[in-house]
Amino acid sequence: MTVPTAGATLEIRDLHVSVETDGADKEILTGVDLTIRPGETHAIMGPNGSGKSTLAYAVAGHPKYTVTAGTVTLDGEDVLAMSIDERARAGLFLAMQYPVEVPGVSVSNFLRSAATAIRGEAPKLRLWVKEQKEAMSRLEMDPGFSERSVNEGFSGGEKKRHEILQLELLRPKVAILDETDSGLDVDALRVVSEGVNRVRAGGTTGVVLITHYTRILNYISPDFVHVFVKGRIAESGGPELADELEAHGYAKYGVDALTPAGGRGLPTSPVLPGVVAPA
Amino acid sequence: MADVLATERAALKETGGITDGSIAVGVRPSTPRSPADVRPERLRSADPDAFVLPTGREEEWRFTPIDRVRPLLDAAPSAAHLSVDSEVPPGAELLELPAGSVDVPLPVDRLAALALARAGDALVVRVPKGAELDAPVVLRLTGTGTGEVVWGHVVLDIAEQARATVVLEHAGSAHYAACVSVLIGDGAQLQLVQVQDWAPDTLHVAHVASRLGRDARLLSTQVSLGGDLVRITETVDFDGPGGDVELRGVSFADGGQHLEHRLLVDHSAPHCRSRVTYKSALQGDEAHTVWVGDVLIRAAAEGTDTYELNRNLLLTPEARADSVPNLEIETGEIAGAGHASATGRFDDEQLFYLRARGIPADDARRMVVRGFFAEVIESLGVPALEERLMALIEDELGRAFA
Ligand SMILES: Nc1ncnc2c1ncn2[C@@H]1O[C@H](COP(=O)(O)OP(=O)(O)O)[C@@H](O)[C@H]1O
Ligand SMILES: [Mg+2]
């Protein structure tokens, strides 16, 4: 069932990103350099508010984040010149920290539309139903789930499973997982990690694991660990760096102890189906 | 449906909602606090001359482009008809009965009174006591031209303990003024679906007047897509305690279209429940929707439970949605009362989420709008009808995102 994907290298060079808050531009990313080669897993660890989600959203093309300098390429192709959906079709995937509710759009319709877009043709219905069902059962998701509206009324754990379900079905070249571990109990953490590991076992997908805790690294062992502080990578190393962070926190980077989870990230999305207040 | 409402309510609470209109507690309708709170007199009469000729300044006409309804207001009596095509399952009857032979709720405005006075025989669907229809009654009313005004009167007479689904579909070209009288006997249940799939030159002004007996149930869904101007007033009167009404609607207004839905739920009996969910999408210059939701809880209506919700999705900036919920409460002894109204543009976060999965922007927008309406349509529980209505909405979407 594995759809073979050739890998691709994501290169982020001197990336500067701003968001507009209260009418003023605020620089969040202050020069990020990062290279993800096919099959590699990188953990990005950093305190709340250091800009980890901003990095993820900027690479995915969220309109709220403006790239003011730097480059992002995927196998040499200019990612920043692509629209949001072009980036996804080029092989980028973002598992969101706060997945968005889309009322009235069923999970099955959503997944099939996404698979059709990413694969360039509609998957054969019979095969697709089987593929989706199997992927859901591996993630220990109830079959009835596919008839629910996307993310609407999902528990935190259900939302994260649903993100990893998409990861498994869409088989991206590079996956950025933004705090996929936060808010999960031990069981859910195991199930979700196994999903990520199945994708890694394909050998070609590059994975960027954004996390707050070392907990998930017991299940998914990274090849590289980066410490993210104040909008840039402060230090890079191997898995041992995570242990060091666990023991000593971020103090040596000029930040207070490992702050608890619960960073604001994106302002929680308005859940009014399809509607936001006029500006 | 119940949990759709619950989610919406939570959502509105979370975002603070955007609520227009008023809740007046313990204020009699005749005690206005400001000019905006002057409620219509709610005059009901079968005599057209009991109502003033509207100028557009009256509360109940202020959103309606009066010039465009002139052809109806100024029209003479006529014998023109819509053509009627029907499916009547065993257990139901379709009859033509002379005006005045059925006791119906009184008109709310001049055009409704004129329609009742001029329609001649009423088209009556009758479902006898205790009957349970296993297929919907379908009436397809088709206009054949706008030369003469058609005055119409349709009666749905659902006797005690009966259960029925009635679909009233409108299509073609017409200048049509009508009364639809909906009589639901004690313990009876009616699911009523009305579809406005008119040609672009049609004017349709109607009063849908429901009267529910003790423990009766009405689930009404209005689907307004076509026509130049559609203005439908729905009134609900309760004849006894325990009535339960859900009024739902979806509208999709294109450039130049005026689609207006006005509701008045009059809680005069104790322990009745009402739920209102109206949604509209608007697309194009001068696309205009109006939703006015009046709920009156009278002193005798203890134990009333009511909630109304209106949501409007502006697909282009030049469209305009007016939304006015009004709740008047004359007793403190109620089970619940609330309203919410929100009008806005596409949610960028939803579009981002779909597009981040490779779905192109236009397809993503289409999915969001389809989902917006699907919440109402897919709760009808009549699969063939749901499919057909979603197909009509797809057509609208096809035009919107052409
Ligand atoms: N959409 C936004 N609007 C305003 N400020 C934002 C937005 N996104 C992030 N920020 C700000 O940018 C900084 C970094 O946030 P974020 O990238 O979410 O950090 P992290 O994911 O590391 O917790 C924070 O100060 C946050 O408040
Ligand atoms: Mg974050």
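**Figure 1. Surroundings of B:Ala337 in the predicted model.** In this predicted model, B:Ala337 touches B:Ile297, B:Thr306, B:Leu327 and B:Ile329, when residues up to four places away in sequence are not counted. B:Ala337 belongs to strand S17 of chain B, which covers residues 336-344. Its relative accessible area is 33%, so B:Ala337 is classed as partly exposed. B:Ala162 is separated from B:Ala337 by 175 residues along the chain, and the C-alpha atoms of the two are 29 Å apart.

**Figure 2. The magnesium ion (ligand 2) and the residues of chain A that coordinate it.** The ion is coordinated by the OG atom of A:Ser53 and the OE1 atom of A:Gln97, at 2.1 to 2.3 Å. These two residues link distant parts of the chain, being 44 residues apart, with A:Ser53 in helix H1 (residues 52-60) and A:Gln97 in the loop between strand S6 (92-95) and strand S7 (102-106) of chain A. A:Ser53 is buried, with a relative accessible area of 11%, and A:Gln97, at 8% relative accessibility, counts as buried too.

**Figure 3. Helix H7 of chain A and its two sides.** Chain A, which has 7 helices and 12 strands, contributes helix H7 (residues 240-248) to this view, and in that helix A:Leu241, A:Ala242 and A:Leu245 are buried. Seen down the axis of H7(A), these buried residues fall within an arc of 105°, and they therefore line one face of the helix. The face turned away from the buried side carries A:Asp243, A:Glu246, A:Ala247 and A:His248, which are exposed. The buried residues of H7(A) pack against strand S3 (41-45), strand S11 (224-229) and strand S12 (232-237) of chain A. A:Gly249 follows H7(A) and has a positive phi, near 65°.

**Figure 4. The largest nonpolar core, with a view of A:Leu177.** This core has 117 residues, and those with the most contacts inside it are A:Leu10, A:Ile12, A:Leu55, A:Leu177, B:Phe252, B:Val369 and B:Leu389. Its largest share, 9 residues, comes from helix H5 (residues 361-377) of chain B. Leaving aside neighbours within four places in sequence, A:Leu177 is in contact with A:Ala95, A:Ile164, A:Leu167, A:Val196, A:Val207, A:Val208, A:Leu209 and A:Ile210. A second, separate core has 59 residues, among them B:Val137, B:Ala178, B:Val208 and B:Val265.

**Figure 5. Helix H6 of chain B and its packing partners.** Helix H6 (residues 383-400) of chain B has 18 residues, and from its first C-alpha to its last it reaches 25 Å, close to the 26 Å expected at 1.5 Å a residue. The buried residues in H6(B) are B:Leu385, B:Glu386, B:Leu389, B:Met390, B:Leu392, B:Ile393, B:Glu396, B:Leu397 and B:Ala400. They fall within an arc of 155° when seen down the axis of H6(B), so they line one face of the helix. On the other side of H6(B), the residues B:Pro383, B:Ala384, B:Glu387 and B:Arg399 are exposed. The buried residues of H6(B) pack against H5 of chain B and against strand S6 (163-184), strand S7 (189-198), strand S9 (217-224) and strand S11 (244-253) of chain B.

**Figure 6. Two buried cysteines of chain B, B:Cys179 and B:Cys272.** B:Cys179 has 4% relative accessibility and so counts as buried, and B:Cys272, at 1% relative accessibility, also counts as buried. The count of disulfides over all chains comes to 0.

Note on methods
Residues numbered from 1 in each chain as written. Chains lettered and ligands numbered in written order. Predicted model: local features only at pLDDT ≥ 70, side-chain atom pairs only at ≥ 80, totals over all residues. Heavy atoms only, no water. Core = buried A, V, L, I, M, F, W, Y, C linked by side-chain atoms within 4.5 Å. Buried < 20%, exposed > 50% of the residue type's maximum accessible area, 1.4 Å probe, protein only. Helix = DSSP H or I, 4+ residues; strand = E, 2+ residues; numbered from the N terminus. Contact = heavy atoms within 4.5 Å. Expected span 1.5 Å × (residues − 1). Arc of directions from axis to C-beta. Disulfide = S-S within 2.5 Å. Donors = N, O, S within 2.8 Å, 3.2 Å for Na, K, Ca; no water.
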